[in-house]
Structures are given as C-alpha cells and as structure tokens.
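Welcome! Here is a short briefing to read alongside the model.

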Amino acid sequence: MAFSGTYELESQENYDEFLEAIGFSNAKTDFKVITEVLQEGDDFTWSQIIPNWTLTNKFTLGKECELESMLRSKFVTTVTMEGGKIIIPFPQYHFTAEISGDKLIMLCTTSGEKGVTMKRINKRI
C-alpha cells in the first residue's frame with residue numbers, strides 16, 4: 001500500500017513554534033523521529049518513535065475512532081482521505097500526511113489568527 005513503510009525525519013519547519021503553540025514546549029527533542037506506517041486497505045497502524053517513547057494509533061478511514069495525541073490525551077475523531085492525503089482533525093491542530101515519491105510529508109496546523117504550520121519531511125528507510 002502507498003503509505004506502508006518506515007520513515008526517518010529528514011527535515012522540519014516551525015517545530016519549536018508549533019510545540020509552543022500547542023503548549024508542549026517541554027517535548028522538544030533532537031532525536032530523529034521514526035514513523036512506522038502499516039496500511040491494509042483502509043486500516044492503518046501509525047507509530048511515532050523516539051528513544052524511550054512511542055505513540056501508536058490505529059484507525060480505519062471513514063470510521064469514528066479513539067486516538068491519542070502527542071500530549072497523551074485521548075479524543076474521538078474520524079480520519080479521512082482526500083486526494084491521497086490522510087486528514088486527521090486533532091483537538092489542537094489539523095494533521096495531513098501524503099506520500100510524494102519516497103517521502104512522507106506531514107503538516108500540523110494550529111488554528112486561529114496566529115496559526116502555526118509545522119512541516120515534516122520524512123524519507124523512507
């Protein structure tokens with residue numbers, strides 16, 4: 001499947017500003033985040049991994065599910081796919097992910113006048 005794979009963070013923009021905007025400044029790390037995605041049709045297992053910390057969410061496109069945010073809070077949402085992009089409305093930000101060549105590109109955008117968009121480009125490993 002298109003998203004299945006293991007990806008390593010290659011570059012990012014507005015990381016510090018994004019963490020500050022969501023009130024999670026103490027989570028700053030210099031580790032390269034590893035993202036593991038297993039896609040079986042519309043079913044996904046999505047993991048973010050750094051040493052001593054892993055966050056794994058499972059979801060099915062178009063079905064309501066319970067996810068956990070990087071703040072470790074649980075919430076209920078529906079994950080969708082539009083134009084090849086995965087879209088997840090988190091409580092504090094809007095998340096999209098797409099595959100471009102061998103890259104996984106993720107955007108996290110906070111709302112409001114001073115909205116911040118963090119962009120992460122991950123290379124397949």
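In what follows, Ala, Val, Leu, Ile, Met, Phe, Trp, Tyr, Cys and Pro count as nonpolar, Asp, Glu, Lys and Arg as charged, and the others, Gly among them, as polar. The model is predicted, so local features need pLDDT of at least 70 and side-chain atom pairs pLDDT 80 or more, while totals for chains, interfaces and linings use all residues. Residues are numbered from 1 along each chain as its sequence is written, and side-chain values use heavy atoms, leaving out hydrogens and water.

**The largest pocket**
- The volume of the largest pocket (an open set of 1 Å grid points where a 1.4 Å probe fits, with protein on both sides within 12 Å along at least five of seven lines) is about 520 Å³.
- Its lining (residues with an atom within 4 Å of a point) has 25 residues, and Gln48, Trp53, Leu55, Met70 and Arg120 are the closest to the centre.
- By class, 20 lining residues are nonpolar, four are polar and one is charged.
- Strand β4 (strands are DSSP runs of E, at least two residues) gives the most to this lining, with four residues.

**Three asparagines**
- Asn14 sits in the loop between β1 (5–13) and α1 (15–21), and has a positive phi of about 60° although it is not a glycine.
- Asn52, in the loop between β3 (43–50) and β4 (53–60), also has a positive phi, near 70°.
- Asn52 is exposed (over 50% relative accessible area, 1.4 Å probe, protein chains only) because its value is 84%.
- Asn122 belongs to strand β11 (residues 117–124) and counts as buried (under 20%) because its relative accessible area is 1%.

Notes:
Grid points are joined across faces, edges and corners, and a volume is the space filled by probe spheres set on the points.
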